[in-house]
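This briefing covers the sheets, a helix pair and the pockets of one protein model. Please read it alongside the sequence and structure shown here.

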Amino acid sequence: MSKYILALDQGTTSSRAILFDRDQNIIGVEQKEFNQIYPREGWVEQDPMEIFSSQYSVMMELLAKEDISPKDIAAIGIANQRETTIIWDKISGRPIYNAIVWQCRRTSGIVDDLVKDRELENHIRKNTGLIPDAYFSGTKIKWILDNVEGARERARNGELLFGTVDSWLIWKLCGENAARLHATDYSNASRTMIFDIHKLCWDERLLSALDIPREMLPQVYPSGHVYGTVNIQGAEIPIAGAAGDQQAALFGQCCFEKGELKNTYGTGCFLLMNTGYEPCESKNGLISTITAGLGGREKVQYALEGSVFVAGAVIQWLRDEMRFFDETKDSEYFAQKAEDTGGVYLVPAFTGLGAPYWDMHARGCIVGLTRGTKRQHIIRAAQESIAYQSMDLVRAMEKDLGTRISGLKVDGGASSNNFIMQFQADIINSPIHRPVIRETTALGAAYLAGLSTGFWKDLNEVKSKWQCEMTFSPAMEEERRAKLIAGWHKALGRSRDWAE
């Protein structure tokens, strides 16, 4: 009997492999960062071959390090950075351009042109559940087809394929079987801005508006599905789960029922609430998306989502570009050296603002600086900005629901930072619940693969093992909370509509 599930967590800045046993214990983890490419201001790219090679290498290194036989692995689950767009040659398997990352703003002009047609804008909102923005894959596909010579004609001839990162990994991992495995799942398809989340198919009107050939698009399946097999040292291991990272995290937090929600603190911040079998149309700047799930079309569930583009990435920026500290973990130490920010606010709108503002032309700013401002004030302001942005998502969701949330499950790298978690509880005035297993994105991918292959029996079995490691309770006075929030929104206003 197989002993393990292997989760591949392909994120925005690193590729990771995590091995889980039947009791959901983490047996081992391997991680490798890869290069980010910034050709111009507001443009973000990655090398698709490096994405794959980093993911493949950590997978193999993990098995070697833990002395695990591939025959002991029941299945592989994939979680991936969403919206990031790759187009490759069907025969050679080589990309025709770098991956355009979800953070990239280069297609803002294409979006501006789209929304000039109000009826088309409404069609996008109604059919895809999304708000027209450069964040999503559709305009990125168009940009590559417009700017790589001969690409659109080759796509029409069936020579080129489009995929989000899950599709790319499935294609590459399955080797010679790849011709039959140009596939994605509902959760990733729902992030492209060309997928009808109600009919569960590619939207012909949007394909026409963006001049995207239908021939280049992948087949769409449930997240829990056997996509194909990977040959590792002679063992054929099924890829039995794939989902966008945030939907995988919602699944990993066992938010299987309507009304359950989580917030992930990664490169960005992503608040998702399960809304059951019907999408919820937001009136407050949130979007509807498809959750990770098992079974066929009739079992598809939806989520209300708010996306913050820059969260943990602001800490990485302070470390790498500003050289404020050497290691990410040091940021919490410096933040706690300051009693407060000294009136400083940092708005990390490096690639515009996501939900609930959706301002593609916003840019980052630091306000409230005085001669007495020290490094730790700015570091603290950066960390507080993560909580402020999440607060804006929570308040928007509460308006849509017409009620206050009673608590929030959290995960992701920055959830390990006790300072941020306590400030988050204080600023939203609700308790924060941090699980024992914080690798919930990888765990969600593992759940999907394990449930699809019988490694775990059912949802009740996996949910029974969820445990809370720590609860952060709000302890801030209302007067101070209101003053801080007012200052944040004042600072936010300074960043809006900045770029020409």
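Two strands are taken to pair if DSSP finds at least two bridges between them. On that basis, six strands of this predicted model form an open sheet with mixed pairing. A second open sheet, also of mixed pairing, holds seven strands. The largest pocket has a volume of about 1,100 Å³, and the second largest has a volume of about 630 Å³.

**Six-stranded sheet**

- The strand order is S3-S2-S1-S5-S14-S13.
- Strand S3 (26-33) and strand S13 (224-232) are the edge strands, each of which pairs on one side only.
- On average, neighbouring strands of this sheet are turned by 25° against each other, direction ignored.
- S13 runs antiparallel to strand S14 (residues 235-244), and six bridges join the two.
- Gly228 stands opposite Ile239, a residue of S14.

**Seven-stranded sheet and the helix packed on it**

- Here the strands follow the order S17-S18-S16-S15-S21-S22-S23.
- Strand S17 (287-290) and strand S23 (468-472) stand at the edges with a single partner strand each, so one side of each is left without a neighbour in the sheet.
- Neighbouring strands of this sheet are turned by 30° against each other on average, with direction ignored.
- S15 and strand S16 (residues 269-276) run antiparallel and are joined by five bridges.
- Phe270, in S16, is the bridge partner of Thr264.
- H9 packs on the sheet and touches S15, S16, S17, strand S18 (302-308) and strand S21 (408-411).
- The direction of H9 makes about 130° with that of S15.

**Helix pair H1 and H6**

- The axes of helix H1 (residues 48-65) and helix H6 (residues 165-173) come within 11 Å and cross at roughly 65°.
- The crossing of H1 and H6 is right-handed.
- H1 contributes Pro48, Met49, Ile51, Phe52, Gln55, Tyr56 and Met59 to the contact, while H6 contributes Val165, Trp168, Leu169, Lys172 and Leu173.
- By class, the residues of the contact of H1 with H6 divide into 10 nonpolar, one polar and one charged.

**Largest pocket**

- The volume of the largest pocket is about 1,100 Å³.
- The largest pocket is lined by 41 residues, and the closest to its centre are Tyr265, Gly266, Thr267, Gly413 and Ala414.
- The elements that give two or more residues to this lining are strand S2 (14-21), S3, helix H9 (245-252), strand S15 (261-265), helix H10 (312-320), helix H11 (330-337) and helix H14 (440-452).
- H10 provides the largest share of the lining of the largest pocket, with five residues.
- The lining of the largest pocket divides into eight nonpolar, 21 polar and 12 charged residues.

**Second largest pocket**

- The second largest pocket, with a volume of about 630 Å³, is lined by 23 residues.
- Tyr38, Ala313, Trp317, Glu321 and Phe350 are the lining residues that lie nearest the centre of the second largest pocket.
- The largest share of the lining of the second largest pocket, four residues, comes from H10.
- Nine nonpolar, eight polar and six charged residues make up the lining of the second largest pocket.

**Elements that recur across topics**

- H10 gives the largest share of the lining of the largest pocket and the largest share of the lining of the second largest pocket.
- H9 gives two or more residues to the lining of the largest pocket and also packs on the seven-stranded sheet.
- S3, an edge strand of the six-stranded sheet, likewise gives two or more residues to the lining of the largest pocket.

Terms used: Residues numbered from 1 in each chain as written. Predicted model: local features only at pLDDT ≥ 70, side-chain atom pairs only at ≥ 80, totals over all residues. Heavy atoms only, no water. Axes fitted to C-alpha atoms, helices over the stretch in contact; angles between N-to-C directions. 1 Å grid on protein atoms, 1.4 Å probe; cavity = no way out; pocket = protein on both sides within 12 Å on 5 of 7 lines; lining within 4 Å. Points joined across faces, edges and corners; volume = space filled by probe spheres on them. Nonpolar A, V, L, I, M, F, W, Y, C, P; charged D, E, K, R; others polar. Left-handed = near helix turned anticlockwise from the far one by under 90°. Contact = heavy atoms within 4.5 Å.
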